[in-house]
Amino acid sequence: MRVALFATCFNDTMWPETPKAVVRLLDRLGVDVEFPQAQTCCGQMFTNTGYADEAIGGVRRFVDVFSEYDAVVAPSGSCVGSVRHQHPGLADRAGDRGLRTAVDEMVPRVHELSEFLVDVLGVTDVGAYFPHRVTYHPTCHSLRMLRVGDRPLQLLRAVRGIDLVDLPDADQCCGFGGTFALKNSDVSVAMGTDKTARVAGTGADVLVAGDNSCLAHIGGMMSRQRSGVRTMHLAEILASTEGAS
């Protein structure tokens, strides 16, 4: 099985340690993952802000870059959600039947990280060791659009040394929402304040999620609050063998 890493432009630009962690993790599991260097943005930022026509080029590039792979794995529920739910409509908008066919063939092979591990590889214990108190925030795209369910929690529960605690009202949005946080900053901050209070109440040392965009929003607020809670992407915890003998 040929597997490609879709790092996503957000991670590649701001959180490169996350895609690197995916590579370390999959390598430990015996998966030879390739990184196609021609990859770029999935187009979600254009689509979400009303520039659908400008996003079509990103759809074409995605298909061109990844169509030769049996599976594509990405550490982002948001970007995988864009590929699955926005790319078909964008292909239709382009009026290109060939592009729509290529997208339809591509979509089932694109997986968010926890989906790939649990559903494709059939593993929950990935050999990780992380001796810290952790709570998990399910991001909106992974929860509502991809419906990853408890797959991330299955993976976290199998991590050795971890003290995994439930996050109250975990299914509530953190308030980021991409450009929502810019256009509706007061509401966004209020939602984020509720979320950070819930995180602080768990006594966790680390907040984990499957999207760095949400972690940036929550983590930024917790940093300004001097909460002492750090944020980590799911991939980084699963790749960790910290302190393991």
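The legends below describe close-up views of a predicted model.

**View 1. The open sheet with the strand order E6-E5-E7-E8.**
This sheet consists of four strands, and its pairing is parallel throughout the order E6-E5-E7-E8. Strands E6 and E8 occupy the edges, and because each has a single partner strand, one side of each is left without a neighbour in the sheet. On average, and with direction ignored, neighbouring strands of this sheet are turned by 35° against each other. Strand E5, which covers residues 133-136, pairs with strand E6, residues 163-165, in the parallel sense over three bridges; in this pairing the bridge partner of Val134 in E6 is Leu164.

**View 2. Strand E7 between its partners E5 and E8.**
Strand E7, residues 206-209, runs parallel to E5 and is joined to it by three bridges. Along this pairing, Val134 stands opposite Val206, Thr135 stands opposite Leu207, and Tyr136 stands opposite Val208. The side chains of E7 are divided between two directions, with Val206 and Val208 pointing one way and Leu207 and Ala209 the other way, and all of these residues are buried. The pairing of E7 with E8 is likewise in the parallel sense and extends over four bridges, one register point being Ala209, whose bridge partner in E8 is His233. Helix H13, residues 212-224, lies across E7 and E8 and runs at about 175° to E8.

**View 3. The surroundings of His233 in strand E8.**
His233 belongs to strand E8, which covers residues 230-233. With a relative accessible area of 1%, His233 falls under the 20% limit and is therefore buried. A polar atom of the His233 side chain lies 2.9 Å from the backbone oxygen of Gly210. When neighbours within four places in sequence are left aside, His233 is in contact with Thr18, Pro75, Val208, Ala209, Gly210, Asp211, Asn212 and Leu215. Among these contacts, Ala209 is also the bridge partner of His233, Val208 is one of the buried residues of E7, and Thr18 is one of the buried residues of helix H2.

**View 4. Helix H2 and its buried face.**
Helix H2 takes in residues 17-28, and its twelve residues should span 16 Å at 1.5 Å a residue, which agrees with the 16 Å between its end C-alpha atoms. The buried residues in this helix are Thr18, Pro19, Ala21, Val22, Leu25 and Leu26. Seen down the axis of H2, these buried residues fall within an arc of 150°, so they line one face of the helix. An α-helix has 3.6 residues a turn, so residues three or four places apart point the same way. H2 is followed by Gly30, whose phi is positive and near 85°.

**View 5. The open sheet with the strand order E2-E1-E3-E4.**
Four strands form this open sheet, and the pairing is parallel. Strand E2, residues 33-34, and strand E4, residues 110-112, stand at the edges, and since each has a single partner strand, one side of each is left without a neighbour in the sheet. Helix H5, residues 77-85, packs on the sheet and touches strand E3 and E4, its direction making about 150° with that of E4. Strand E1, residues 3-5, pairs with E2 in the parallel sense over two bridges, and in this pairing Ala4 stands opposite Glu34.

**View 6. Ala71 in strand E3 and its contacts.**
Ala71 is found in strand E3 and, at 2% relative accessibility, counts as buried. Not counting residues up to four places away in sequence, Ala71 touches Met1, Arg2, Val3, Ala4, Arg109, His111 and Phe116. Of these, Ala4 stands opposite Glu34 in E2, whereas Phe116 is one of the buried residues of helix H8. The C-alpha atoms of Ala71 and His141 are separated by 20 Å, and the two residues are 70 residues apart along the chain.

**View 7. Helix H8 and the glycine that comes just after.**
Helix H8, residues 113-120, is mostly covered, since six of its eight residues are buried. The buried residues are Leu113, Ser114, Glu115, Phe116, Leu117 and Val118. Just after H8, Gly122 takes a positive phi of about 70°.

Key. Residues numbered from 1 in each chain as written. Predicted model: local features only at pLDDT ≥ 70, side-chain atom pairs only at ≥ 80, totals over all residues. Heavy atoms only, no water. Pairing = 2+ DSSP bridges. Buried < 20%, exposed > 50% of the residue type's maximum accessible area, 1.4 Å probe, protein only. Polar contact = N/O pair within 3.5 Å; in protein donor to acceptor, adjacent residues only side chain to side chain. Contact = heavy atoms within 4.5 Å. Expected span 1.5 Å × (residues − 1). Arc of directions from axis to C-beta. Axes fitted to C-alpha atoms, helices over the stretch in contact; angles between N-to-C directions.
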